[in-house]
Amino acid sequence: MDHTTAPALQTRNLTVRFGGHVAVDSVSYDFRPGCLVAIVGPNGAGKTTYFNLISGQLRASSGTVIHQGDDITRLSVPERTRRGIGRAFQLTNLFPRLSVLENVRLAIQARHPGAMDIFRLADADKFAIDTAMSYIERCGLAGRRNEPAANLSHGDQRKLEVALLLALESSIVMFDEPTAGMSADEAPIILELIQSIKSDASKAIILVEHKMDVIRSLADEIMVLHNGQLVAAGVPAEVMRSDVVRDAYLGTMGH
Ligand SMILES: Nc1ncnc2c1ncn2[C@@H]1O[C@H](COP(=O)(O)OP(=O)(O)OP(=O)(O)O)[C@@H](O)[C@H]1O
């Protein structure tokens, strides 16, 4: 891992309180391009809450979220999405009655409105369709390109959501338990897709995950949360060996 690269996203003393309960407690971390960080920890540790603070679903009580040097702590989810922070599996991203191809094409047009103006109409359409098809093929959905999104299986909808994130050219790609609820034959396809996004050195990936095999195969770094605090972080093998993690976490793991 190249630690000289400027962070794509940072949190600084990020904190959220629900009444008297501090669910995320002053968490600071640097997420770098080309690096997949898995957020782990026991149930109730604050993983999803921290994730929601980054994507914008939740607002921080204090502390900051910084994206490419800009303070985005007060920005809405759509504003963060426009800046390239893409959270997979929201389903709100999908237009259920539109086909796979139309969904991805709309994401491309949203990303390149200027390009659409300068091309003649037919060329603009060709650009959008060709680009959409390249993402659709990459996500293994070519055979379903004309299918309305609503008709897709759970696994195929997830693939479509990944295609949308790629089409939006998200630089921060966030997955909350990406294989949860997936069949045994669907899960490896999503994991391969995440692996292929990882090979793009410009993207930082953030993952909340319970499954140890997924963490082992994908994570470059893990951050361990416990009672809302960051108790350990770094290369998985080293972090898993540390006493603080064993005490706080490993005893409760195993699924
Ligand atoms: N909206 C909320 N209002 C009040 N308390 C909340 C809210 N959201 C989360 N919490 C509390 O914050 C703490 C952290 O919850 P969070 O869901 O982030 O944990 P987690 O690490 O994602 O757990 P799990 O692995 O079970 O999903 C928990 O004690 C939870 O009850």
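Two strands count as paired here if DSSP finds at least two bridges between them. With that in hand, the hairpin of β9 and β10 in this predicted model is a handy place to start. Strand β9 covers residues 221-226 and strand β10 residues 229-234, and the two run antiparallel with five bridges. Across the pair, Leu 225 sits opposite Leu 230 of β10. Two residues lie between the strands of this hairpin, and Asn 227 takes a positive phi there, near 50°.

The hairpin belongs to something wider. Six strands make up an open sheet, and reading across gives β6-β7-β8-β3-β9-β10, with mixed pairing. At the edges stand β6 (85-87) and β10; each has a single partner strand, so one side of each goes without a neighbour in the sheet. Direction ignored, neighbouring strands in this sheet are turned against each other by 20° on average. Strands of a sheet pair through backbone hydrogen bonds, and they can do that either parallel or antiparallel. While β9 and β10 take the antiparallel option, β6 pairs in the parallel sense with β7 (residues 172-176), over three bridges. In that pair, Ile 85 faces Ile 172 of β7.

A helix packs on this sheet too: α7, residues 187-198, touches β3 (36-40), β7 and β8 (204-208). The direction of α7 makes about 150° with that of β8.

Now for the ligand. Around the ligand are Phe 18, His 21, Ala 23, Gly 41, Asn 43, Gly 44, Ala 45 and Gly 46, along with Lys 47, Thr 48 and Thr 49. Two elements, β2 (21-31) and α1 (47-55), each supply two or more residues of this shell. The largest share comes from α1, with three residues. Sorted by class, the shell holds three nonpolar residues, seven polar ones and one charged.

At the level of the whole protein chain, the domain assignment gives two entries. Domain 1 is pieced together from 1-84, 170-181 and 199-255, while domain 2 is 93-169. Where the two meet, five residues of domain 1 are in contact with four residues of domain 2. The side of domain 1 that touches domain 2 comes out as one nonpolar and four polar residues, with no charged ones.

Methods:
Residues numbered from 1 in each chain as written. Predicted model: local features only at pLDDT ≥ 70, side-chain atom pairs only at ≥ 80, totals over all residues. Near = placed C-beta within 6 Å. Helix = DSSP H or I, 4+ residues; strand = E, 2+ residues; numbered from the N terminus. Nonpolar A, V, L, I, M, F, W, Y, C, P; charged D, E, K, R; others polar. Axes fitted to C-alpha atoms, helices over the stretch in contact; angles between N-to-C directions. Contact = placed C-beta atoms within 7 Å. Domains from an automatic or database assignment.
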